[in-house]
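Reader: I would like a close look at one buried spot in this model and at what surrounds that spot. Please take the local picture slowly, then set that picture in the whole chain.

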Amino acid sequence: MVKAYAAKSATSGLAEHAIERRTLRDDDVAIDIEYCGVCHTDIHYVENDWGGTVYPVVPGHEIIGRVTEVGPKVSKYKPGDVVGVGCLVDSCRSCSACDEGLEQYCLNGMVPTYNGEDRHDGSITYGGYSERIVVSDRFVVKVPDALDPAKAAPLLCAGITTYSPLRHYGVKKGDKVGVIGMGGLGHMGVKFAKALGAEVTIFTRSEAKVKEAKKQGADHVVISTDAEQMQAVAETFDFMLDTVPVKHDLNPYLNCLKYDGTHIIVGLLEPVEPALEAGALVMKRRVLAGSLIGGLPETQEMLDFCAEHDIHCDVEMLDIKNINEAYERMKQGDVKYRFVIDMQSLKQR
C-alpha cells in the first residue's frame with residue numbers, strides 16, 4: 001500500500017488515499033516517484049468531463065523518479081537510475097503500430113498510465129500522484145543526466161505532444177512555423193521548432209502575452225483577433241501547430257498556410273466548430289492533421305534532444321496539498337506553464 005491523491009467522484013476534489021501497487025512481474029521496474037507534472041487532462045478525468053472515469057482516480061502521467069527494484073528479466077535499468085513514465089504503461093506489443101515503436105497508436109488499444117485497464121489482471125491503472133509506481137520496462141525512459149528532473153517531468157506529455165508532430169512532418173531549418181496558443185503545449189512548441197531551425201511565430205489572442213512569447217524565443221507574435229495582422233501573414237507558413245484545447249475557428253489559421261502547408265491539431269479533441277471551409281484545403285492542397293503523444297523510442301529521442309539543446313519546461317513547483325487550488329488556477333490559465341508536484345510533499349504527510 002502506498003500514499004496517493006485521488007478523486008472519489010466528479011465533485012469531490014482530490015484528497016489523500018491509499019492504493020496498492022502490484023508485486024513485480026518479470027519485466028517490471030519499481031520507481032520511487034520524485035516529481036509529477038500536472039496536465040489539463042488530469043482535470044478532465046478528475047471531473048469526468050469526457051465520461052468514462054473510473055473512481056477512485058489517481059491522475060498523473062508526467063512522472064520522474066528513481067528505480068528501486070527491477071524484475072529478473074530487466075537489464076536496461078538498475079536501482080538508482082533516474083527514469084520517466086509518460087502517458088501510457090502498456091500496449092498489445094504485437095500489432096504493426098507497436099512493431100514500429102508507435103505504441104500510442106496500438107491497434108488493440110494502449111493502456112493509459114491512469115484510468116486504464118491492466119492487460120494482465122484487469123485492474124485499473126493509477127497514475128503519478130503517488131509515492132511509487134510499477135511499470136513494464138518497455139514503457140520506461142531514461143532521463144539524461146543533463147536534464148533537471150523537476151523541469152523534465154512535463155516533457156513526458158507537453159514535450160512529446162509537440163515534439164512528435166514537428167519531427168513526423170519534417171520541420172527543418174528555414175521553415176516558417178506558427179504556434180497557436182501560448183500555454184503549456186505552446187511554449188514547448190516554440191522551443192522545439194526553434195531548436196529544429198524554424199522561424200517561429202506565436203498566435204495569441206492576448207496582447208499581454210507578446211512580451212512573454214518573445215521571451216520564450218518566438219521570432220514574431222500575431223494577435224489572432226486583429227484582422228490586419230492576420231491578413232499580413234496570409235499564405236506565409238509551412239506549418240501551424242495548433243495547441244488550443246477548446247473549440248475555436250480553424251479557418252483563419254488555414255488561410256495563413258502556404259500551398260502544401262500543414263495545420264496540425266494537438267490540443268483539440270472535440271468536434272471542429274464552426275464548420276471548416278473545405279475550399280481552403282482543396283484550392284491550396286493544404287493538409288489538416290492531428291497528432292497524439294509519441295511512442296517510447298520517440299519519447300527517448302525527445303528527452304535526448306532536450307538534453308542536447310538545453311530545452312526544459314517552465315514550471316511552478318507545487319505542494320500536493322494545494323492540488324485542488326492548482327486545478328482552479330489552471331482553469332484560469334494562471335500558471336507559467338506547468339505545475340509540477342514535489343512528491344516529498346506527499347511522502348512527508
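**A buried histidine and its surroundings**

Author: H61 counts as buried, because its relative accessibility is 7% and the cut-off for buried is under 20%. Keep in mind that this is a predicted model.

Start with the location. H61 sits in a loop. That loop runs between α1 (40-46) and β4 (63-70).

Now the partners. Set aside the neighbours within four places in sequence. H61 then contacts C36, C39, T41 and D42, among others. V85, G86 and C87 are also in contact with H61. So are T113 and Y114. L156 and C157 complete the list.

One partner deserves its own visit: T113, which H61 touches. T113 lies in the loop between β7 (111-112) and β8 (132-136). T113 is buried, since its relative accessible area is 2%. Its contact list leaves out residues up to four places away in sequence. G60, H61 and I63 are on that list. V85, G86, C87, L88 and V89 follow. T125, Y126, G127 and I133 are there too. So V85, G86 and C87 touch T113, and V85, G86 and C87 also touch H61. For a distance, take T113 and V46. They are 67 residues apart along the chain, and their C-alpha atoms are separated by 14 Å.

Next, follow the other end of the H61 list. L156 and C157 are contacts of H61. Helix α4 spans residues 158-168. This helix is mostly covered, with 9 of its 11 residues buried. Those buried residues are A158, G159, I160, T161, T162, Y163, S164, P165 and L166. What covers them? The cover includes two helices, α5 (184-195) and α10. It also includes the strands β13 (237-242), β14 (257-265) and β17 (338-342).

Look at α10 within that cover. Helix α10 spans residues 296-309, and its axis comes within 10 Å of the axis of α4. The two axes cross at roughly 100°. Angles of 65 to 115 degrees count as roughly perpendicular. Therefore α4 and α10 are roughly perpendicular to each other. From α4, the contact uses G159, I160, Y163, S164 and R167. From α10, E298, T299, E301, M302 and F305 take part. By class, the contact of α4 with α10 has 4 nonpolar, 3 polar and 3 charged residues. One general point helps in reading such a pattern. An α-helix has 3.6 residues a turn, so residues three or four places apart point the same way. Just after α4, G170 takes a positive phi of about 80°.

Two strands in the cover of α4 lead to unusual backbone spots. Take β14 first. D260 lies in strand β14. D260 is not a glycine, but its phi is positive, about 65°. D260 is partly exposed, because its relative accessible area is 34%. After β14 comes a loop that leads to α9 (278-282), and P274 lies in that loop. The peptide bond joining E273 and P274 is cis, with omega about 0°.

Then β17. Y337 sits in the loop between α11 (323-331) and β17. A cis peptide bond joins K336 and Y337, and its omega is about -10°.

One further non-glycine residue has a positive phi. R285 has a phi of about 50°. R285 is in the loop between α9 and β15 (287-290). R285 counts as exposed, because its relative accessibility is 60%. H61, in contrast, is buried at 7%.

Finally, the whole chain. The chain has 12 helices and 17 strands. Its C-alpha atoms fill a box of roughly 60 × 40 × 35 Å along the principal axes. A compact globule of 349 residues would have a radius of gyration near 20 Å, and the chain has 20 Å, which agrees. Buried residues make up 54% of the 349, and H61 and T113 are among the buried ones. Consider contacts between residues at least 6 apart in sequence. Of these, 68% join residues at least 24 apart.

The UniProt record, an unreviewed entry, places the feature "domain: Enoyl reductase (ER)" at residues 9-341. Over that range the chain is 25% helix and 25% strand. The end C-alpha atoms of the range are 22 Å apart.

Terms used:
Residues numbered from 1 in each chain as written. Predicted model: local features only at pLDDT ≥ 70, side-chain atom pairs only at ≥ 80, totals over all residues. Heavy atoms only, no water. Axes fitted to C-alpha atoms, helices over the stretch in contact; angles between N-to-C directions. Helix = DSSP H or I, 4+ residues; strand = E, 2+ residues; numbered from the N terminus. Parallel < 35°, antiparallel > 145°, perpendicular 65-115°, else oblique. Contact = heavy atoms within 4.5 Å. Nonpolar A, V, L, I, M, F, W, Y, C, P; charged D, E, K, R; others polar. UniProt positions renumbered as here; feature names shortened; annotations may be inferred. Rg over C-alpha atoms; globule rule 2.2 N^0.38 Å. Buried < 20%, exposed > 50% of the residue type's maximum accessible area, 1.4 Å probe, protein only.
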